[in-house]
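Trainee: Could you take me through a close look at the aromatic rings here? I would like to understand how one side chain sits against another, and then where that fits in the whole picture.

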Amino acid sequence: MTTIRQRRVGKGTEAAEDQPSEETNVKPDGKVPSDPTGGKLWNVLSVTVGGIVAISLGLLTSVYVATLHENDLWFSNIKEVEREISFRTECGLYYSYYKQMIQAASIQQGLHGLVYDNKTESVRTINILERMNVYQEVFLSILYRILPIQQYLEPVYFYIYTLFGLQAVYVIALYVTSWLLSGTWLSGLLAACWYITNRVDTTRVEFTIPLRENWALPFFAVQIAAITYLLRAHLQPVQERLTLVAVFIATFLFSLTWQFNQFMMLIQALALFILDCLDMLPTAKVTWLYIIQISGLLLVCVLQFFNSMILGSLLISFNVSVLIARAIQKNLKRGGLLNRLGKLILHVLLVLCLTLLINKFIKRILNLESDEHIFKFLKAKFGFGATRDFDANLYLCEEAFGLLPLNTFSRLSSTLLFYVYGFVLFLLAIAAVIVAFRNLSGANQVQLQEKMEEYTVTLKPDAAYSLVHTVLFGCLALSTMRMKYLWTSHMCVFASFGLCSAEVWKMTLKCLHLYTAQRTQVIKYSIPIITLLYISFKFWPGVMDELSELREFYDPDTVELMNWIKSNTPNTAVFAGSMQLLAGVKLCTGRTLTNHPHYEDKNLRERTKQIYQIYAKRSPGDVYGILRSFGTDYVILEDSICYERRHSRGCRLRDLLDVANGHIMDGLGENEPDLKPSLYPRFCEEIKKNLPSYTMHFTRVFQNKTFHVYKLAKHK
């Protein structure tokens with residue numbers, strides 16, 4: 001841990017690893033065992049009980065979310081098409097590749113169909129394994145084919161049970177992380193209970209099963225647990241090497257299963273960079289973590305056929321820049337306070353400039369534009385100028401990409417989680433500031449430090465990492481609601497660790513002049529137990545009511561549409577429509593699409609904007625020409641989009657299209673002065689009047705309360 005005595009040897013936190021531990025042979029109750037044999041037996045018993053509790057809680061969580069999913073949809077009783085429709089938007093797209101691999105004549109043929117796919121984007125052959133993170137679907141489909149389970153388990157159940165099983169891994173990883181930080185498995189128990197009772201804000205796996213984050217976050221939690229163990233002092237060389245291997249495997253699997261991995265690991269790299277600069281982490285271990293991030297991402301890049309978006313990621317540029325800057329500034333951690341601060345400012349500026357230069361160079365060489373929509377979105381979101389860019393506004397108008405709603409905090413507070421989290425965060429933030437200032441100040445005032453030694457504030461490297469991690473991911477969650485699941489799960493870990501930590505209570509009691517070793521031990525165990533009892537008594541009845549509530553999937557209009565498509569259109573037919581609906585069309589019918597919800601490709605974004613002109617104010621001839629340029633045979637119009645009321649004026653899809661096209665928006669309200677009235681009425685409304693100018697291009701072939709399907713004429 002970082003202490004005054006470490007600064008006296010001039011080696012920062014790394015020096016601590018050569019000093020005797022203050023916690024050697026200390027039992028969880030704080031008492032020194034009477035003999036080594038008794039201490040070992042106690043440790044074995046504690047680890048055994050804690051491990052059994054961890055596995056039990058993980059399995060219970062898995063069963064819990066699986067039961068909620070079954071009760072919500074009556075999944076076991078509904079038809080296959082209804083099960084597939086329940087995988088909404090991009091979830092359906094990802095699951096369709098699992099289904100495609102299962103139905104292929106052989107594994108080789110299934111892989112060939114993914115590498116040379118011409119059904120996901122019409123008139124274009126794409127490599128699905130390069131474009132999307134679907135190796136998990138490939139692996140699972142191969143596993144299903146080779147295991148002797150086909151007679152006992154349907155493919156869809158093998159898929160969803162795997163995801164629910166990963167929830168067990170997730171909870172166990174959170175449990176272990178909290179246990180490692182606090183030294184008692186009671187902390188892990190509290191973290192797991194908070195995760196379950198705050199399920200609405202910690203996971204959405206039960207209703208978005210195939211979503212990439214549900215595959216990735218369990219591996220991210222395992223990685224954090226491994227990093228927490230790595231940052232402990234006094235690891236043997238073998239332990240350290242094995243832990244580094246575990247970090248690498250978890251990092252690789254996390255990167256392989258989620259397209260946004262690079263942005264999450266960039267935040268993690270920033271946390272490591274901040275702590276390394278403040279001399280609060282061992283530099284050698286931080287260097288290994290940078291290298292693991294780079295190597296894990298590059299290995300994924302190779303598996304994804306050298307995906308250019310990975311090569312052009314800010315993470316690789318940043319990590320390489322840090323390593324280069326550190327090699328240039330070898331004396332970064334020497335000198336007094338002002339000297340160190342000056343060097344740090346130069347170091348930060350050097351890293352920032354190198355990152356931008358390297359990233360710009362890579363993107364120029366690769367002609368990379370796949371992620372430009374993300375930066376346009378961030379620029380508009382944080383007030384760096386308004387934009388009429390359709391893609392950026394599409395994100396800005398989605399609630400999931402807005403600010404974290406305030407009612408989230410009221411829900412988290414009802415379980416006491418947010419109150420405890422705020423208390424622990426406040427104390428450890430103060431401790432971090434004190435330790436950072438001490439590290440940067442050097443060790444000149446030896447006599448004063450020795451007089452104040454018993455009041456010295458310390459912060460272990462693993463706790464310091466957890467603190468900065470939760471702060472940075474908290475900022476991400478506050479700015480973008482969709483990312484809250486990265487924060488709230490770690491919030492459970494951080495709060496439970498603080499509540500069960502002897503160091504936190506020792507610091508608190510010393511500030512109040514109430515510290516005794518016995519009092520610290522009593523509080524360390526009594527308050528978490530009281531909290532667990534409170535959570536159990538308050539939320540157990542609600543959990544039981546939730547498990548007993550039975551509902552059923554009901555979407556007859558979409559079911560009717562999918563059945564009509566399968567029965568009345570050729571297998572080679574090409575369909576245009578909204579991204580969300582077309583993902584379901586591909587899954588349920590296997591027809592070819594013009595566009596889809598996986599938005600990380602510039603050509604697809606431009607194509608989607610063009611297809612969406614069916615909801616804009618364009619002439620029938622223009623819309624027909626656009627649709628036929630993508631080989632469209634049928635177009636599906638949705639009343640829920642054409643007459644949308646979910647969003648306010650300015651955020652409806654038709655409004656975004658009008659503004660992007662330079663047209664005045666519908667309805668009462670202000671318009672920008674340079675917008676002009678369109679010469680044509682809205683296509684999705686006017687086509688229903690069956691005017692000659694429309695019927696010469698489009699023939700309605702299907703209609704229900706929600707959908708209208710038109711067949712395009714094939715003019716010579």
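**A close look at the aromatic rings**

Mentor: In this predicted model, R83 sits over the face of F75, at 5.3 Å from the ring centre. So let us start from F75 and see what else is connected to that ring. F75 belongs to a cluster in which ring pairs link F75, F87, Y95, Y98, Y157, Y159, Y161 and W215. If you highlight those residues in your viewer, you can follow the cluster from ring to ring. There is another charge over a ring to find as well: R212 lies over the face of Y94, at 3.9 Å from the centre of that ring.

Now for the ring pairs themselves. Two rings are paired when their centres lie within 6.5 Å, and by this rule the count comes to 34 aromatic pairs. One of them joins Y144 and F158, whose ring centres are 5.5 Å apart; their planes meet at 45°, so the pair is tilted. The cut-offs behind that word are simple: planes under 30 degrees apart count as stacked, over 60 as edge-to-face, and the rest as tilted. Where do Y144 and F158 lie along the chain? Y144 is in helix α8 (residues 135-146), while F158 is in helix α9 (residues 155-182); the two are 14 residues apart, and the pair links distant parts of the chain. Both Y144 and F158 are buried.

Next, try the pair of Y624 and F698. Their ring centres are 6.0 Å apart and their planes stand at 85°, so this pair is edge-to-face. Y624 lies in helix α31 (residues 620-629) and F698 in strand β4 (residues 698-703), so the pair ties together parts that are 74 residues apart in sequence. Are these two buried or exposed? Y624 has 10% relative accessibility and counts as buried, because buried means under 20% relative accessible area. F698 is buried too, with a relative accessible area of 3%.

Burial is also a handy way to read a helix, so let us try it on α6. Within this helix (residues 107-115), the residues G110, L114 and V115 are buried. They cover an arc of only 135° around the axis, which puts them on the same side of α6. What do the buried residues of α6 pack against? Their partners are α5 (89-103), α7 (128-131) and α8, and α8 is the helix that holds Y144.

Two more buried side chains are worth a visit. H490 is found in helix α25 (residues 484-499), and at 4% relative accessibility H490 counts as buried. Leaving out residues up to four places away in sequence, H490 touches I224, S466, H469 and T470. D658, in helix α33 (residues 653-660), is buried with a relative accessible area of 0%. With the same residues left out, D658 touches A616, K617, H663, I664, M665, D666 and R682.

For contrast, turn to two loops. Most residues other than glycine have a negative phi. F306, however, has a positive phi of about 55° although it is not a glycine. F306 lies in the loop between α15 (283-303) and α16 (308-311), and at 57% relative accessibility F306 counts as exposed. N367 is another residue of this kind, with a positive phi near 50°. You will find N367 in the loop between α18 (337-366) and α19 (372-381), where N367 is exposed, with a relative accessible area of 61%.

Finally, step back and fit these details into the whole. The secondary structure comes to 35 helices and five strands. The radius of gyration is 28 Å, close to the 27 Å that the globule rule gives for 716 residues, so the protein is as compact as a globular protein of that length. Along the principal axes, the C-alpha trace spans about 95 × 55 × 55 Å. Buried residues make up 55% of the 716 residues, and the accessible surface comes to about 31600 Å², of which 63% belongs to carbon and sulfur atoms. Among contacts between residues at least 6 apart in sequence, 71% join residues at least 24 apart. The pair of Y624 and F698, from parts 74 residues apart, is a good one to keep in mind when you read that figure.

Technical notes:
Residues are numbered from 1 along each chain as its sequence is written. This is a predicted model: local features need pLDDT of at least 70, side-chain atom pairs count only at pLDDT 80 or more; totals for chains, interfaces and linings use all residues. Side-chain values use heavy atoms; hydrogens and water are left out. Helices (H or I, at least four residues) and strands (E, at least two) are DSSP runs, numbered from the N terminus. Buried means under 20% relative accessible area, exposed over 50%, partly exposed in between (1.4 Å probe, protein chains only). A charge sits over a ring if NZ of Lys or CZ of Arg is within 6 Å of the ring centre and within 35 degrees of the ring normal. The arc is that of the directions from the helix axis to the C-beta atoms. Contact means heavy atoms within 4.5 Å. The radius of gyration is taken over C-alpha atoms; the globule rule is 2.2 Å times the number of residues to the power 0.38. Accessible areas come from the Shrake-Rupley method with a 1.4 Å probe; for residues, only the protein chains shown count as cover.
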